[in-house]
Amino acid sequence: MEKYFRHLHDQFGENLTGHGSGIAPMSHTKLWAIGGGKGGVGKSLVTANTSIGLALMGYKVVAIDLDLGGANLHTTLGMPIPDKTLSDYVTKKVNNIEELIIPTKIKNLSIISAAQDELGMANLKHTHKNKILTSLREINADYVLIDLGAGTSYNTLDFFISADKGVLVVLPEPTSIENTYRFIKSVYYRRLKLIEDLLDIQPLLHQAMNAKMTNTQATPTDLVKKVYELNPDMGAKLQSEISKFQPKLIINQARSQSDIDIGFSMKSICKKYFGIDMDYIGYLDYDASVWQSVKKRRPLLMEFPNSRLVGNFDKIIHRLLEFS
Ligand SMILES: Nc1ncnc2c1ncn2[C@@H]1O[C@H](COP(=O)(O)OP(=O)(O)OP(=O)(O)O)[C@@H](O)[C@H]1O
Ligand SMILES: [Mg+2]
């Protein structure tokens, strides 16, 4: 299977850092967060296998489970329940996040596991969130991939917003699609709310946030127009903030061309409604090898190197690196 990733390695080889390439390490660790409102859509599958793909290409990768309270990334990677988890860091039993890093059997790939106790993402204190975010950037790795878990708690949204890339996994079914729009909407307004320069337009933001997506007169795109009319400087600032928000979309469990096409429709709806450029970076076929690998507690890419998903992941990782 390594050969599938070899051409990527060759293509991006000049960017590889650290691993005997003789090139100085990157000045900063890239954080990629994997989320998507709903549970069970494939976030851990994407986190685990993207991490493996990157590691096989020679990048130094740490995959971290931030699905606090429902951690299962270690299972997806075929690892036993770890002794030390993020909970030990939050409770100060461990002072340095690097102490939580556990190497996997795959070269270049390590994990940090989330708590197995009742510590939930929604209950994580503001100071803890900031501490974790700062320390993740200090980890000695090329990429830190964050499995965010389900939900739209402020903490989940903030990790998604703070990451260098935010990846959304969606199933081609109405509930998952609706949840994804809800997630995007929550992230969109959370981002704008956190910007002090935009304080003056908070009432307008609030109004647009509460408008139904079916109300075509009160979309976020209309909000930008309104703000421009009221205050062109503020309008420009708002537009520039919005253009920085470029989530990446993956359709998982695709069974037909129309499932695959849902990604394109979602992209154009997001452009029309929110004015954002979402990158549709690819789809993953529905494939029985996924649950077989879960059952065997072995990583899919390692256990089923001939699965169609290997090719799917290859394309997705390629796109993610292109958009770096
Ligand atoms: N492409 C696929 N083909 C077949 N089955 C799949 C596929 N993707 C996911 N599944 C099934 O869906 C299950 C859930 O996937 P996964 O655990 O990655 O989701 P999750 O979003 O991390 O869930 P949670 O929100 O509970 O953490 C897998 O155990 C597998 O059985
Ligand atoms: Mg999961």
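In the predicted model, the axes of helix α9 (residues 220-230) and helix α10 (residues 232-244) approach to within 5 Å and cross at roughly 150°. Angles over 145 degrees count as roughly antiparallel, and α9 and α10 are therefore roughly antiparallel to each other. The crossing in which α9 passes α10 is left-handed. On the side of α9, the contact is made by V224, V227 and Y228; on the side of α10, the residues met are P232, M234, G235, L238, Q239 and I242. By class, the residues of this contact comprise 7 nonpolar and 2 polar, with no charged residue.

Helix α6 (residues 154-162) was examined for burial. Its buried residues are N155, T156, L157, D158, F159 and F160. These buried residues of α6 pack against both strands and helices. The strands are β1 (30-35), β5 (143-147) and β6 (165-170), and the helices are α5 (126-138) and α7 (174-193).

The surroundings of ligand 1 consist of 20 residues, of which G39, K43, S44, L45 and V290 come nearest. Two or more residues of this shell are given by each of α2 (43-56), β7 (248-254) and α12 (288-296). In composition, the shell around ligand 1 holds 8 nonpolar, 9 polar and 3 charged residues.

Positive phi values outside glycine are described here for two residues, both located in loops. For N108, phi is near 75°, a positive value in a residue that is not glycine. N108 is placed in the loop that runs between β3 (102-103) and β4 (109-112). A residue is buried if 20 or more other C-beta atoms lie within 10 Å of its own; N108 has 22 C-beta neighbours inside 10 Å and therefore counts as buried.

The other residue is R297, which is not a glycine and has a positive phi of about 55°. R297 lies in the loop between α12 and α13 (300-303). α12, which precedes this loop, is among the elements that give two or more residues to the shell around ligand 1. Within 10 Å of R297 there are 14 other C-beta atoms, so this residue is partly exposed, whereas N108 is buried.

Definitions and conventions
Residues numbered from 1 in each chain as written. Chains lettered and ligands numbered in written order. Predicted model: local features only at pLDDT ≥ 70, side-chain atom pairs only at ≥ 80, totals over all residues. Axes fitted to C-alpha atoms, helices over the stretch in contact; angles between N-to-C directions. Helix = DSSP H or I, 4+ residues; strand = E, 2+ residues; numbered from the N terminus. Parallel < 35°, antiparallel > 145°, perpendicular 65-115°, else oblique. Left-handed = near helix turned anticlockwise from the far one by under 90°. Contact = placed C-beta atoms within 7 Å. Nonpolar A, V, L, I, M, F, W, Y, C, P; charged D, E, K, R; others polar. Near = placed C-beta within 6 Å. Buried ≥ 20, exposed ≤ 12 C-beta atoms within 10 Å, placed from the backbone.
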